Amino acid sequence: MKTFGRILAVLILFAAGGFVFYLGWIQFRIAPDSCGVLVSKTSGIQEKPVEPGNFAWRWEPVLPTNAELRIFSLSPYAVSKNVCGQLPSASFYSLQLKNTPDFSYSFDFDIVLRYTPEGIVSSVKKYNAKTQKELEEKLDKIASDFAFIAAQAVISGAQTDSDFSTLSARVMDFSSILADSASSNEIEILDFKLKSVSLPDMKLYEFAKKAFADYSSQVNQALAAQAAKDAAEIANDNRNIQRLEKMGELLKKYPELVEIIKTGTSLETLQSLQALQ
């Protein structure tokens, strides 16, 4: 009986140890093309992502209700993004030309990206992402930001290169252009294509821009000249007012001058004003 008891005790210990090991062994719960982030009350968010094929055992899940393993897919996220708008001050510049040309642009991008495992951990830390849907919402926002950066790169190329064309835009290396942004967001860009592009006439835009600058310069010069003229007239009016004020003071002091002015000629009156400057 003693031997049986010892064997039973050993079996119980093995079972208990196996159960504890099972609770802490979190890697086996992760399916291929997935990634897990361990979040616990005692240790917070685990910095190292839990990936399939890499053994991971943690003590936090052993404690009841202490930890949760958030599992996210590493499958690529594909989305199409449109970026459209007008070149800076296009509505003003187009008025300088006949038929008011349209200086608007439009780009359609096909984008495929995904978070790196480390990026998923960062997303959980920054945004407290809990579900795949929440993670994809962040990916969608990043895709929009990337599309805007790519569109600005195309516009810049069209403005600086006189031979730039829609074909030039299509063959641009957007992955390299977005490399720094992808790295800072811990994102892998798997595909980034410009599906369609509509560019305004950049040469005409620059011509209209110069025409507007010339027109603005002429308007400013005319306004400056008019302002100087108005200032001179105001100054002259002020001098006349000052003269009249002096005349009023003089008449108060010498009332008898009123009769002299009444009987005098207009020329004599003006001469009196001039003498009072």
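In which sense do strand 1 and strand 3 pair, and over how many bridges? Strand 1 and strand 3, the latter spanning residues 67–73, run antiparallel to each other and are joined over seven bridges. The model on the screen is a predicted one, and this tour begins at that pairing.

**First stop: strand 1**

Select residues 34–40, which form strand 1; seven of its seven residues are buried. Turn the view to inspect each face of strand 1. On one side lie Ser34, Gly36, Leu38 and Ser40, on the other Cys35, Val37 and Val39, and all of them are buried.

Next, select Ser40 and look across to strand 3, where its bridge partner is Ala67. Ser40 also stands opposite Gly44, which belongs to strand 2. Strand 2 covers residues 44–45 and pairs with strand 1 in the antiparallel sense over two bridges. Follow the chain from strand 1 to strand 2: a hairpin of three residues makes the connection.

**Second stop: two cysteines**

Is Cys35 buried or exposed? Its relative accessibility is 0%, and therefore Cys35 counts as buried. Now select Cys84. Because its relative accessibility is 52%, and the exposed class begins over 50%, Cys84 counts as exposed. A search for disulfides across the whole structure finds zero.

**Third stop: the largest nonpolar core**

In soluble globular proteins, nonpolar side chains tend to be buried together. The largest nonpolar core in this model contains 47 residues. Select Phe107, Phe109, Phe146, Ile187 and Phe192, the residues with the most contacts inside that core. Among the elements that give two or more residues to the core are strand 1, strand 5 (104–115), strand 6 (187–198) and helix 8 (202–253). Helix 4 supplies the largest share, eleven residues.

Which residues are in contact with Ile187, once its neighbours within four places in sequence are left aside? They are Leu113, Arg114, Tyr115, Thr116, Leu139, Ile142, Phe146 and Ala182. Display their side chains together with Ile187 to examine this part of the model.

**Last stop: Ser123**

Finally, select Ser123, which is located in helix 3. Ser123 counts as buried because its relative accessibility is 2%, and buried means under 20%. Apart from its neighbours within four places in sequence, Ser123 is in contact with Tyr115, Asn128, Ala129, Leu135 and Lys138. The last of these residues is suitable for a distance display: Ser123 and Lys138 are 15 residues apart in sequence, and their C-alpha atoms are 8.2 Å apart in space.

Technical notes. Residues numbered from 1 in each chain as written. Predicted model: local features only at pLDDT ≥ 70, side-chain atom pairs only at ≥ 80, totals over all residues. Heavy atoms only, no water. Disulfide = S-S within 2.5 Å. Buried < 20%, exposed > 50% of the residue type's maximum accessible area, 1.4 Å probe, protein only. Helix = DSSP H or I, 4+ residues; strand = E, 2+ residues; numbered from the N terminus. Pairing = 2+ DSSP bridges. Core = buried A, V, L, I, M, F, W, Y, C linked by side-chain atoms within 4.5 Å. Contact = heavy atoms within 4.5 Å.
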